Amino acid sequence: MTVLTRSLRLKRNPLIRRSDRLEAGLLIGAVLLALVAIPFAAAAGSEAYAGKVRRATEETATRQEVTAVLVADAPPVRVRLDGVPLAEKVEAVARWTVPGGPVREGVVTVEAGSPGGGEVRIWLDAKGHAVEAPATVDDAKTFGVGVGTGLWLGWIALLATVFLVCRSALGRARAAAWEREWRRVSQDWTVA
């Protein structure tokens, strides 16, 4: 906060260089642009949320949960080097009956080590093919917040990068000005 406070008082101090005022203006501009971006990021997050909710609604309407039976054992559980088993999903062959239709067989995702003949719940699309579970409203919320936050943080990163590049250029210009002044002063001192 002291940087911003000092930046606002720059006009009163006659020792402040033009580059210092420019740097303070860049900082204030970056902060204002960051604040102005918040509603735009929120709107983008809301739009992403609404789109994901529409998708979840469509998927829920067109997908159906059924019970499938594993044809063979799923690949075994893998164990880490320290002996702890990994809780992971694997693919296995299963058989299921399409509601009002034929028996189908295909690859489904199950817990590692699931035994053959065991039942698993799967989702089917309108054609009876195994698909992922439909998206939920919680998925939509997470996605919307992620999009909004990601866009705002990306904007902040861009503003910070531009500010730091400009600050670095101003610092180099100040250092070059100091170098010129010291050369001039040193010439005056050596002549006298």
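Me: In S4, which residue is the bridge partner of Val66?
Reply: The model is predicted, and its strands S1 and S4 pair in the antiparallel sense over six bridges. One end of this pairing can be followed through Gln64, whose bridge partner in S4 is Leu124. For Val66, the bridge partner in S4 is Ile122.

Me: In what order do the five strands form the open sheet?
Reply: S1 pairs with S4 in the antiparallel sense, and S4 is joined by two bridges to strand S5, residues 130–131. S2 is joined to S3 by nine bridges, again antiparallel. The edge strands, each pairing on one side only, are S3 and S5. The pairing in the open sheet is antiparallel, and the order is S3-S2-S1-S4-S5.

Me: Which residue in the turn of the hairpin formed by S2 and S3 has a positive phi?
Reply: S2 and S3 run antiparallel and are joined by nine bridges; within this pairing, Ala94 stands opposite Gly106 in S3. The hairpin has five residues between its two strands. The turn residue with a positive phi, about 70°, is Gly100.

Me: What is the phi of Gly128, in the turn between S4 and S5?
Reply: S4 and S5 run antiparallel and are joined by two bridges, and the bridge partner of Leu124 in S5 is Ala130. These strands form a hairpin with five residues between them. Gly128 lies in that turn, and its phi is positive, about 90°.

Me: Which residues make up the covered face of S4?
Reply: S4 has two faces, and the uncovered one consists of Glu119, Arg121 and Trp123. Val120 and Ile122 are among the residues with the most contacts inside the largest nonpolar core. The covered face is made up of Val120, Ile122 and Leu124.

Me: Which strand gives the largest share of the largest nonpolar core?
Reply: This core has 15 residues, and those with the most contacts inside it include Ala68, Leu70, Trp96, Val108 and Val110. The elements that give two or more residues to it are S1 (64–70), S2 (89–97), S3 (103–111) and S4 (119–124). In soluble globular proteins, nonpolar side chains tend to be buried together. The largest share, four residues, comes from S2.

Me: Is Val90 buried or exposed?
Reply: Val90 lies in strand S2. Leaving aside neighbours within four places in sequence, Val90 is in contact with Ala74, Pro75, Val108, Thr109, Val110, Glu111 and Ala112. Its relative accessible area is 13%, and because this is under the 20% cut-off, Val90 is buried.

Me: How far apart in space are Val90 and Lys127, C-alpha to C-alpha?
Reply: Val90 belongs to S2. In sequence, Val90 and Lys127 are 37 residues apart. Their separation in space, C-alpha to C-alpha, is 23 Å.

Me: Which residue of S5 does Val108 touch?
Reply: Not counting residues up to four places away in sequence, Val108 touches Leu70, Val90, Glu91, Ala92, Ala94, Trp96 and Ile122, along with one further residue. Strand S5 covers residues 130–131. The residue of S5 touched by Val108 is therefore Ala130.

Me: What is the relative accessible area of Leu32?
Reply: Leu32 is found in helix H2, residues 18–62. Together with Val31, Leu35 and Ile38, Leu32 makes a nonpolar surface patch of about 350 Å². Leu32 is partly exposed, and its relative accessible area is 49%.

Technical notes:
Residues numbered from 1 in each chain as written. Predicted model: local features only at pLDDT ≥ 70, side-chain atom pairs only at ≥ 80, totals over all residues. Heavy atoms only, no water. Core = buried A, V, L, I, M, F, W, Y, C linked by side-chain atoms within 4.5 Å. Buried < 20%, exposed > 50% of the residue type's maximum accessible area, 1.4 Å probe, protein only. Contact = heavy atoms within 4.5 Å. Patch = residues over 30% accessible without salt bridge, like charges linked within 9 Å, V, L, I, M, F, W, Y side chains within 5 Å. Areas by Shrake-Rupley, 256 points an atom, 1.4 Å probe, with all protein chains shown as cover. Salt bridge = Lys/Arg side-chain N within 4 Å of Asp/Glu carboxyl O. Pairing = 2+ DSSP bridges.
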